[in-house]
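Trainee: I would like a close look at one part of this model, the place where the chains meet. Please take me through it slowly and then fit it into the rest.

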Amino acid sequence: MSIIGNLITELIERNDVVIKGAITVGLADGAVKLSADLRTEVQDRNNHNKPVARMLIPMSARAVVDEMVIPVRIPRR
Amino acid sequence: MSDINEFVKKMGDDINATLAPRVEQQVVQTGNQIADHAAPQVQAFVDQLVKEIAASATPKVRDFSNKLVKDIFTQQSGPLRDFVIKTIQDLIGRYEPVLAGNVHTKVVNQGIQLTSDDTRVEIKERATGKAVASLDLPVDLRIDVREMTFELDDARLNVKAL
C-alpha cells in the first residue's frame with residue numbers, strides 16, 4: 001500500500017463522524033415534506049475527540065402523494 | 001341523491017305494503033276471538049241481569065266487567081306478543097343494510113382530507129337484492145396532522161478501512 005493509502009486509512013480510522021440536529025416531517029398540499037438542519041463534526045478519537053472539522057448540512061425533500069380512492073362496502077361481498 | 005325524508009318515506013312505503021295486510025288480519029282475528037269469547041258471557045250476564053235488575057246489580061256489573069277485561073287481556077296478550085316478535089323478526093330478516101361508496105383521500109396542508117360524494121346507505125331486500133331505499137352520506141372530513149420534529153442528539157459514525 002502506498003504512503004498516501006496508509007495515510008488515508010489511518011485518517012479514516014482515527015476519526016469519528018458525529019451528526020446532530022433536527023429533522024422535521026410535515027404535510028403540504030399533495031406531498032409529505034421533510035426538512036433537516038444537521039451539524040456534522042469530525043472528531044479525532046486519539047486526541048480526546050477533539051473536533052477536526054465541522055459541516056452544516058441543510059436538507060429539504062418533498063415526496064409527492066397522489067389522491068387515493070378507498071372503496072367502501074360494509075358488509076363485504 | 002336522496003335525502004333523509006325520501007329515505008324514510010320509501011322505507012315506510014315498503015314496510016306498509018309488506019306488513020299492513022298482516023297487521024289488519026291479526027287485528028280482525030284478535031277481534032273475532034274477543035267477540036267469540038265475550039259474547040256468550042255477555043249474553044248470560046244480561047239474562048241474569050234482567051232477572052236480578054234490582055239494586056244489587058251494580059257491584060255485579062263492576063265485578064263482571066273487571067273479570068271480563070282481565071280474561072280478555074290474559075287470553076290475547078300471548079298472541080299479540082308473538083305477533084309483534086314475529087313481525088320484528090320478519091323485518092330484520094327482510095332488509096339488508098349496505099354501506100357503499102368511494103372515499104377520496106388526499107394530503108393537504110397540515111392535514112389529510114377525506115371526501116366522498118357517492119357514499120350511501122342502501123336498504124335492500126335480502127332475498128332478491130332489490131334496492132328499497134337509499135340514503136346519501138356525503139363525507140367531508142379533515143384530519144389535522146401537525147409537523148413532527150425529531151431531534152438527533154448524537155449519531156456517531158465510526159468508519160473502518162477495508
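Mentor: Gladly; we will start with the contact, follow the strands there, and then look at each chain around it.

First, some ground rules for reading. Residues are numbered from 1 along each chain as its sequence is written, while chains are lettered from A and ligands numbered from 1 in the order in which they are written. This is a predicted model, in which local features need pLDDT of at least 70 and side-chain atom pairs count only at pLDDT 80 or more, whereas totals for chains, interfaces and linings use all residues. Here pLDDT is the predictor's confidence in each residue, from 0 to 100. For chain B its mean is 84, and 96% of the residues reach 70 or more. The model as a whole scores ipTM 0.72 and pTM 0.58. A general caution goes with such scores: where pLDDT is low, the predicted coordinates should not be read in detail.

Now to the meeting place. On chain B, 30 residues are in contact with 30 residues of chain A; contact means that the C-beta atoms of two residues, placed from the backbone, lie within 7 Å. Two or more residues on that side of chain B come from each of β1 (95–108) and β6 (148–158) of chain B. The greatest share is that of β6(B), with 11 residues. By type, the residues on this side of chain B are 13 nonpolar, 10 polar and seven charged. In that count, Ala, Val, Leu, Ile, Met, Phe, Trp, Tyr, Cys and Pro are nonpolar, Asp, Glu, Lys and Arg are charged, and the others, Gly among them, are polar. The element names come from DSSP runs, with helices being H or I of at least four residues and strands E of at least two, numbered from the N terminus.

What does β6(B) pair with across the chains? Its partner is strand β1 (residues 15–28) of chain A, in the antiparallel sense and over nine bridges; two strands pair if DSSP finds at least two bridges between them. You can find two of the matches yourself: V17(A) has L157(B) as its bridge partner, and V25(A) has M148(B).

Step back, and this pair belongs to an open sheet of four strands, ordered β3(A)-β2(A)-β1(A)-β6(B), with antiparallel pairing. β3 (50–64) of chain A and β6 of chain B stand at its edges with a single partner strand each, so one side of each has no neighbour in the sheet. On average, neighbouring strands are turned by 15° against each other, direction ignored. For such angles, axes are lines fitted to C-alpha atoms (for helices over the stretch in contact), and angles run from 0 to 180 degrees between N-to-C directions. A general point for looking at strands: in a regular one the side chains alternate between the two faces of the sheet.

Next, the chain A side. Chain A has one helix and four strands, running α-β-β-β-β from the N terminus. In the loop between β2 (31–44) and β3 of chain A sits H48(A), which has a positive phi of about 55° although it is not a glycine. H48(A) counts as exposed because it has 7 C-beta neighbours inside 10 Å. The cut-offs are 20 or more other C-beta atoms within 10 Å for buried, 12 or fewer for exposed, and in between for partly exposed, with C-beta atoms placed from the backbone. Of the 77 residues in chain A, 3% are buried. After β4 (68–74) of chain A comes the segment that holds P75(A), and a cis peptide bond with omega of about -5° joins I74(A) to P75(A).

Finally, chain B. Chain B has two helices and six strands, in the order α-α-β-β-β-β-β-β. Helix α1 (residues 4–51) of chain B has zero buried residues among its 48, so it lies largely in the open. α1(B) bends by about 45° at L19(B), with a proline, P21(B), following within four residues; the bend is the angle between axes fitted to the seven residues ending there and the seven starting there. Further on, β3(B) and β4(B) form a hairpin with five residues between them, and G129(B) in the turn has a positive phi of about 80°.
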